[in-house]
Amino acid sequence: MRMRGHLRRLVTAFVRQAGIGAGLRWKLSAAIALVGALVAVALSLVVHNAARVSMLDNARDLADERIMIAQRNYELSGRLNFPNTKLDDPQLPAELRAKVEEGRRATYVADRGGAPDIWAAVPLKNGHVMSLHSGFTDRSSDILKDLDQALWIGSLATVLGGCALGVLIGGHLSRRLRKAATAANRVAGGETGVRVRDAIGGVVRDETDDLASAVDAMADALRQRLEAERRVTADIAHELRTPVTGLLTAAELLPPGRPTELVQDRARAMRTLVEDVLEVARLDSASERAELQDILLGEFVARRVAAKDPDAVVRVTHESEVTTDPRRLERVLFNLLANAARHGAPPVEVTVEGRVVRVRDHGPGFPEDLLAEGPSRFRTGSADRAGRGHGLGLTIAAGQARVLGARLTFRNVRPPGAPPDAPPEGAAAVLWLPEHAPTNTGSYPVLGQ
């Protein structure tokens with residue numbers, strides 16, 4: 001149980017770090033599309049501005065050539081005979097006028113938000129200023145519009161291509177990560193032969209392989225550590241078994257009296273603890289196999305509950321014949337009854353419905369850590385539901401349920417419609433027996449709800 005809990009937390013951290021639950025494919029696609037859009041827009045602006053500047057430079061050079069021709073014609077004929085030329089034009093831009101007054105020929109671009117105006121001016125020998133005014137040609141405007149359209153189409157194609165590329169790359173990476181997470185979940189479920197690195201497969205070598213190898217290494221190290229702990233615990237319990245048995249035998253020879261009863265009671269408790277520790281160690285080793293028989297579940301539970309706790313209420317709503325190990329089923333049932341009697345409150349109710357057995361008490365409920373992580377050895381829960389025992393009863397019940405191929409769940413009972421933080425009205429342990437008995441190889445069927 002402890003190994004499974006550690007591995008489950010390991011798998012959860014693996015999935016969280018991998019980003020599987022957040023849609024890695026779409027995150028990667030969105031990131032590539034965003035970067036592609038930013039690059040495309042930036043390049044489009046640069047190309048547009050560069051093309052516009054180049055066209056304006058050509059227009060200014062053309063205007064400069066025309067003003068030079070107009071100047072020569074004026075000096076030869078004394079008349080303005082070139083189109084769009086004027087003398088001392090009052091609309092001449094002030095910046096251009098200042099350049100001409102310095103005795104230089106100059107050009108100027110006036111951009112008022114629409115098509116730009118091209119100006120050229122030159123000082124004459126008679127003191128006048130000749131200027132030429134023309135607009136941005138329609139052909140240049142059409143070329144610029146066609147260029148902008150091509151740039152927007154190219155940008156859109158870049159974004160769509162980036163999205164498609166992100167989906168392909170993210171989908172491949174997501175599939176590998178999901179395979180790794182599935183394999184890690186199988187390891188957490190007790191399949192020790194599964195390797196995350198092998199489950200990924202493929203010829204691609206990337207960071208996913210490093211992550212899978214690290215998970216395999218951590219799982220192996222944790223498995224070895226827990227196996228060593230299990231062996232040490234089993235060896236200690238086995239070594240204690242003989243002296244505890246001798247102590248109990250010696251206590252039986254003491255003279256009657258209150259001190260003798262106390263010694264015998266403690267000796268029996270110690271023997272029970274040693275036997276429970278040994279049983280937990282055997283269950284953790286996954287070497288236990290069920291000895292199967294066909295039984296009527298309702299009749300079996302009613303007889304065993306009457307023998308263990310005559311005050312418990314048994315209800316058989318639907319009888320069912322099951323193939324299971326009666327000894328292990330009895331062990332699970334007795335441990336659940338003992339837990340309800342020790343930590344809960346009467347009445348204790350046992351319900352059999354088909355292949356489902358429910359044991360419910362009316363005490364303070366199970367502690368939250370047990371509901372979240374399952375039973376754990378030497379953890380008795382909160383102060384309201386603890387204080388006695390060693391926390392092995394539910395651990396053994398869960399281990400025996402696994403040997404039977406069954407599933408044991410725990411929940412707290414609250415009134416209908418009560419908020420989640422409302423005090424529970426009792427605890428319920430539910431044993432789900434499988435439709436098919438476990439095989440001789442120890443494999444179990446997948447259980448539904």
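Q: How far apart do the end C-alpha atoms of residues 26–47 lie?
A: Let's start with the record, keeping in mind that this is a predicted model. An unreviewed UniProt entry places a "transmembrane region" at residues 26–47, and also at 150–169. In the model, the span 26–47 is 100% helix and 0% strand, and its end C-alpha atoms lie 31 Å apart.

Q: What is the distance between the end C-alpha atoms over residues 150–169?
A: UniProt's unreviewed entry gives this span the feature "transmembrane region" too. Here the chain is 100% helix and 0% strand, with the end C-alpha atoms 28 Å apart.

Q: Which residues form a nonpolar patch on the surface with Val 39?
A: Val 39 is found in helix H2, which covers residues 24–77. Because its relative accessibility is 44%, between the 20% and 50% cut-offs, Val 39 counts as partly exposed. Together the patch has about 270 Å² of accessible area, and the partners of Val 39 in it are Val 35 and Leu 43.

Q: Why might residues such as these, spaced along a helix, point the same way?
A: The spacing of the patch is easy to read from its members, Val 35, Val 39 and Leu 43. An α-helix has 3.6 residues a turn, so the residues that point the same way are those three or four places apart.

Q: Which element supplies the largest share of the largest nonpolar core?
A: This core has 32 residues, and those with the most contacts inside it are Val 301, Leu 336 and Leu 431. Several elements each supply at least two of its residues, including helix H8 (297–308), helix H11 (393–403) and strand S11 (427–432). The largest share, six residues, comes from H9.

Q: Which residues is Val 301 in contact with, leaving aside its neighbours within four places in sequence?
A: Val 301 is among the residues with the most contacts inside the largest core. Once the sequence neighbours are set aside, its contacts are Leu 333, Val 350, Val 352 and Val 357.

Q: How many residues of H11 are buried?
A: H11 is one of the elements that each supply at least two residues of the largest core. Its buried residues include Gln 400 and Arg 402 as well as Leu 394 and Ile 396. Helix H11 is largely enclosed by the rest of the structure, because the buried count among its 11 residues is 10.

Q: What share of the residues of the protein chain count as buried?
A: The chain has 11 helices and 11 strands. Its accessible surface comes to about 25300 Å². Of its 449 residues, the buried share is 38%.

Conventions: Residues numbered from 1 in each chain as written. Predicted model: local features only at pLDDT ≥ 70, side-chain atom pairs only at ≥ 80, totals over all residues. Heavy atoms only, no water. Patch = residues over 30% accessible without salt bridge, like charges linked within 9 Å, V, L, I, M, F, W, Y side chains within 5 Å. Areas by Shrake-Rupley, 256 points an atom, 1.4 Å probe, with all protein chains shown as cover. Salt bridge = Lys/Arg side-chain N within 4 Å of Asp/Glu carboxyl O. Helix = DSSP H or I, 4+ residues; strand = E, 2+ residues; numbered from the N terminus. Buried < 20%, exposed > 50% of the residue type's maximum accessible area, 1.4 Å probe, protein only. Core = buried A, V, L, I, M, F, W, Y, C linked by side-chain atoms within 4.5 Å. Contact = heavy atoms within 4.5 Å. UniProt positions renumbered as here; feature names shortened; annotations may be inferred.
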